[in-house]
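Biologist: Could you walk me through this model and tell me what stands behind each term you use?
Modeller: Gladly, let us take a look together.

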Amino acid sequence: MEFNGHLGTPANTLAVINKYQFAFQKKFGQNFLIDANVVEKIVREAGVTKEDFVLEIGPGIGTMTQLLCENAREVTAVEIDKNLIPILRDTLSGYDNITILNEDVLKVDIKSLAEEKNGGRPIKVVANLPYYITTPIIMGLFESSVPIDSITIMVQKEVACRMQVGPGSKDYGALSLAVQYYAKPQVILNVPASCFLPKPNVDSAVIKLTRHETAPVSVKDERLMFAVIRASFNQRRKTLANALNNSGEIHLPKEIIASAIEELCQNPSVRGEALTLQQFADLSNMIYDRINR
Ligand code: SAM
């Protein structure tokens with residue numbers, strides 16, 4: 001290649017794009033990082049070491065991948081756009097610890113990959129992805145039995161906020177609870193739109209989700225708890241009792257719901273948005289006990 005050193009500058013990124021006459025595809029949410037400091041900080045905060053196998057989702061032209069290869073034992077990068085594959089082979093030609101897969105990550109068997117590449121030990125995931133697939137990917141990784149150490153991911157600033165907050169914030173919701181049940185969220189960097197090419201319409205943040213070794217609350221039936229959470233926030237203006245009674249997902253006698261809420265907080269008009277993760281766990285355990293009596 002004609003560029004020198006790392007890709008994370010506007011000039012080097014443009015050199016690659018011009019060399020390959022690469023056309024950005026909106027449907028793949030392609031906004032490439034052009035700020036070397038941001039790239040370095042993400043890789044540093046992800047805590048990648050020579051012991052680690054790293055899965056990178058959506059490598060683009062390989063800007064972050066280069067640094068990951070320098071810091072990790074082995075990297076697999078999954079990129080959906082076939083037009084980026086020859087570019088990646090070029091920009092990553094100096095590394096012998098990279099595997100490039102031309103796949104939609106939602107169709108990749110990540111559990112098998114972790115088994116094959118890391119002997120089933122927890123893997124680190126690093127990603128700067130289109131925002132519309134962020135939540136399915138994060139939830140898919142946590143809910144499946146993929147061994148995960150951490151996920152360090154660029155998200156829309158508002159989404160990073162939603163993942164971190166608790167009751168009392170308008171941003172508190174099902175995503176906050178799901179993320180906090182599985183992991184400790186920590187925003188590590190705010191990233192202005194000017195750090196990308198092309199420039200997106202929103203500001204971003206990098207959040208690191210470090211998987212809990214043991215869940216912070218004890219839950220008898222996770223599916224039931226998440227169904228209760230979803231029902232509560234689907235109709236967040238309603239009382240918790242009404243939201244659960246109207247849910248299309250949970251079909252429970254009204255008396256069971258009423259008596260579980262009574263046992264939880266003696267307040268029949270409480271709203272779901274006021275409950276902590278611990279309270280959602282308690283409530284779902286109380287419902288579980290009543291169903292299985
Ligand atoms: N990581 C690069 C960077 O920071 O410069 C590129 C980031 S860009 C926001 C998102 C990348 O994810 C693009 O390269 C896009 O083609 C890729 N992508 C989008 N959907 C994907 C999917 N379902 N599976 C794998 N890669 C995907």
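**Terms and what backs them**

Biologist: Why is cysteine 161 called partly exposed?
Modeller: Its relative accessibility is 32%. Buried means under 20% relative accessible area and exposed over 50%, with partly exposed in between (1.4 Å probe, protein chains only), so cysteine 161 counts as partly exposed.

Biologist: And what makes cysteine 265 partly exposed?
Modeller: Cysteine 265 has a relative accessible area of 21%, so it too counts as partly exposed.

Biologist: Before we go on, what kind of model is this?
Modeller: It is a predicted model, where local features need pLDDT of at least 70 and side-chain atom pairs count only at pLDDT 80 or more, while totals for chains, interfaces and linings use all residues. Residues are numbered from 1 along each chain as its sequence is written, and side-chain values use heavy atoms, leaving out hydrogens and water.

Biologist: How many disulfides does the structure hold?
Modeller: The structure holds 0 disulfides. Cysteine 161, for instance, is in no disulfide: the nearest cysteine sulfur, that of cysteine 195, is 20 Å away. A disulfide needs a pair of cysteine sulfur atoms within 2.5 Å, so this pair does not count.

Biologist: Why is helix 8 described as largely enclosed by the rest of the structure?
Modeller: Helix 8 spans residues 174-182, and 8 of its 9 residues are buried, so the description fits. Among the buried ones are Leu175, Val179 and Tyr182. Helices here are DSSP runs (H or I, at least four residues), strands are E runs of at least two, and both are numbered from the N terminus.

Biologist: What covers the buried residues of helix 8?
Modeller: The cover includes helix 6 (134-143), helix 9 (222-234), helix 12 (277-291) and strand 7 (183-191). Contact means heavy atoms within 4.5 Å.

Biologist: Which residues come nearest to the ligand?
Modeller: Of the 21 residues around the ligand, Leu33, Gly58, Glu79, Asp104 and Asn128 come nearest. To be near, a residue must have a heavy atom within 4 Å.

Biologist: How do you know that glutamate 79 has a polar atom close enough to the ligand to count?
Modeller: A polar side-chain atom of glutamate 79 lies 2.6 Å from an oxygen atom of the ligand. A polar contact is a pair of N or O atoms within 3.5 Å, so this pair qualifies. Aspartate 104 has a polar side-chain atom 2.9 Å from a ligand nitrogen.

Definitions and conventions: Polar contact = N/O pair within 3.5 Å; in protein donor to acceptor, adjacent residues only side chain to side chain.
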